[in-house]
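Please work through the following exercises with the sequence and the structure at hand. Each task is followed by a solution in steps.

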Amino acid sequence: MGKVVLVTGVARQLGGRFVRRIQRDPEVDRVVAVDAVAPEHHLGGADFVRADIRQPTIARLLAEHSVDTVVHMDVTGTPLGSGSRASVKENNVIGTMQLLGACQKSPTVTRLVVKSSTNVYGSAPRDPAVFTETTPPKSLPSGGFAKDTVEVEGYVRGFARRRPDVAVCVLRFANILGPSADTPLAAYFSLPVLPTVFGYDPRLQFVHEDDVIEVLRIASHEPARGTLNSGTFNITGDGVLLLSQCARRLGRPTVPLLMPAISWVGSALRTLGMTDFSPEQLRLLTHGRVVATNQMRETLGYRPKFTTAETFADFARNRGPGLLPPEVLAGAVDRIAELPALGGGHPPTQSAN
């Protein structure tokens, strides 16, 4: 008998993609796709069950289908449809608690994979240059999705202590981007003009949707020889980009604002529903965040196919040109450089002195 995999959060594009991908693995016999909302996309041959993970019915699903692997992807920072921030938090925290309680009672579950985020490290002015999986945050997140992930990981650690026989893998993904990315940061980069914090140019990292799917697949199976896929891992593409570089590559002009002004702009954008410019995102766009991926490479045995720059380039191609297309700017700079120096037809020469 092959593996029976239960996946939560399948109504989102990323969850749907993972369900379709995991079905193609020869070791997988059946996939049970769970969400409180019916997905608009196709789930292949998976068995879709409309269920709310905040309800005790999730325990019955594990028993009925003899699930041995649970992939928890329903930890997210954006509401689905017309949902509110309160419903998102309840789903992230209460839903995870209910799911872990069901897994704890299940005699068949042997592997748990949790989609987490590097938001657990927060963003603060005294942060280290690079976070490892064991680096404590200088300032714990005080609210929003970042605080949700901290609480979720705390419950997962408690579960791992109570069920040491279950292999638990926590994947801390950096900012996820790609053609179908649906995240607060993707919404921010889609604005025609990008508000930034005056005097700051944070370092950012991105992970491509394709790499997210592949890492989740690796984590949901038995580890390959010489690797270990239980524990906590930072997942992101190689390299970093400055926010100013991102803006130029998108062709979006920036408007540097002082902190009080950008907080007001963020509130206005949230009110208009253009983007969730939350306080945690504002801190990220002020101080940035960079994580180490040694454990991902050496222990998990995975090397991302996309670097941070390549991930952002793929995202930019699917967002269309901004108000200041990079190629137009480059052409203008080249034309200016070709102009003769003022006062003569030749550039000035440097004297011997």
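The exercises below concern a predicted model.

**Exercise 1. The nonpolar core**

Task: Determine which members of the largest nonpolar core touch the most other members, and which elements give two or more residues to this core.

Solution.
Step 1. The core holds 31 residues, and those that touch the most other members are Val 7, Leu 171, Phe 173, Leu 216 and Ile 235.
Step 2. Two or more residues come from each of strands E1 (3-8), E2 (28-35), E6 (167-173) and E11 (231-235), and from each of helices H1 (13-22) and H6 (209-219).
Step 3. Helix H6 supplies the largest share, namely six residues.
Step 4. Another core of 27 residues lies apart from this one; among its members are Leu 6, Val 70, Leu 99 and Val 168.
Step 5. For a view of one core member, take Leu 171: beyond its neighbours within four places in sequence, its contacts include Val 113, Val 215, Leu 216, Phe 233 and Ile 235.

**Exercise 2. An aromatic pair**

Task: Describe the geometry of the pair formed by Phe 189 and Phe 312, and state where the two residues lie.

Solution.
Step 1. The aromatic pairs in the model number seven.
Step 2. In the pair of Phe 189 and Phe 312, the ring centres are 5.1 Å apart and the planes stand at 80°. Planes over 60 degrees apart count as edge-to-face, and this pair is accordingly edge-to-face.
Step 3. Phe 189 belongs to helix H5 (residues 184-189) and Phe 312 to helix H11 (residues 308-319), so that the pair links parts of the chain 123 residues apart.
Step 4. Both Phe 189 and Phe 312 are buried.
Step 5. Ring pairs join these two residues with Tyr 188, Phe 206 and Phe 315 in a cluster.

**Exercise 3. A buried acidic residue**

Task: Establish what surrounds Glu 133, and how far away the nearest side chain of opposite charge is.

Solution.
Step 1. Glu 133 is located in the loop between strand E5 (111-117) and helix H4 (144-162).
Step 2. Glu 133 is buried and has no salt bridge; the nearest side chain of opposite charge belongs to Arg 172, at 6.6 Å. A salt bridge requires the nitrogen and oxygen to be within 4 Å.
Step 3. The Glu 133 side chain does reach a backbone nitrogen, that of Asn 234, at 2.8 Å.
Step 4. Residues touched by Glu 133 include Tyr 121, Thr 232, Phe 233, Ala 292 and Gln 295.

**Exercise 4. Salt bridges**

Task: For the salt bridges Asp 68 with Lys 3, Glu 222 with Arg 111 and Arg 317 with Asp 314, state where the partners lie and whether they are buried or exposed.

Solution.
Step 1. The whole structure contains 18 salt bridges.
Step 2. Asp 68 and Lys 3 meet at 3.8 Å, N to O. Asp 68 is in the loop between H2 and E4, whereas Lys 3 is in strand E1, 65 residues apart. Both Asp 68 and Lys 3 are buried.
Step 3. In the bridge of Glu 222 with Arg 111, the closest N and O atoms are 3.9 Å apart. Because Glu 222 lies in the loop between H6 and E11 and Arg 111 in strand E5, the pair ties together parts 111 residues apart in sequence. Glu 222 is exposed at 55% relative accessibility, while Arg 111 is buried at 4%.
Step 4. For Arg 317 and Asp 314 the closest N and O atoms are 3.2 Å apart. These two residues are three residues apart in helix H11, and therefore about one helical turn separates them. Arg 317 is exposed at 58% relative accessibility, whereas Asp 314 is buried at 13%.

Conventions:
Residues are numbered from 1 along each chain as its sequence is written. This is a predicted model: local features need pLDDT of at least 70, side-chain atom pairs count only at pLDDT 80 or more; totals for chains, interfaces and linings use all residues. Side-chain values use heavy atoms; hydrogens and water are left out. A nonpolar core is a set of buried Ala, Val, Leu, Ile, Met, Phe, Trp, Tyr and Cys residues joined through side-chain atoms within 4.5 Å. Buried means under 20% relative accessible area, exposed over 50%, partly exposed in between (1.4 Å probe, protein chains only). Helices (H or I, at least four residues) and strands (E, at least two) are DSSP runs, numbered from the N terminus. Contact means heavy atoms within 4.5 Å. Rings of Phe, Tyr and Trp (its six-membered ring) pair if their centres lie within 6.5 Å; planes under 30 degrees apart count as stacked, over 60 as edge-to-face and the rest as tilted. Lys and Arg count as positive and Asp and Glu as negative; His and the chain ends are not counted. A polar contact is a pair of N or O atoms within 3.5 Å; within protein, one must be able to donate a hydrogen and the other to accept it, and residues adjacent in sequence count only if both atoms are side-chain atoms.
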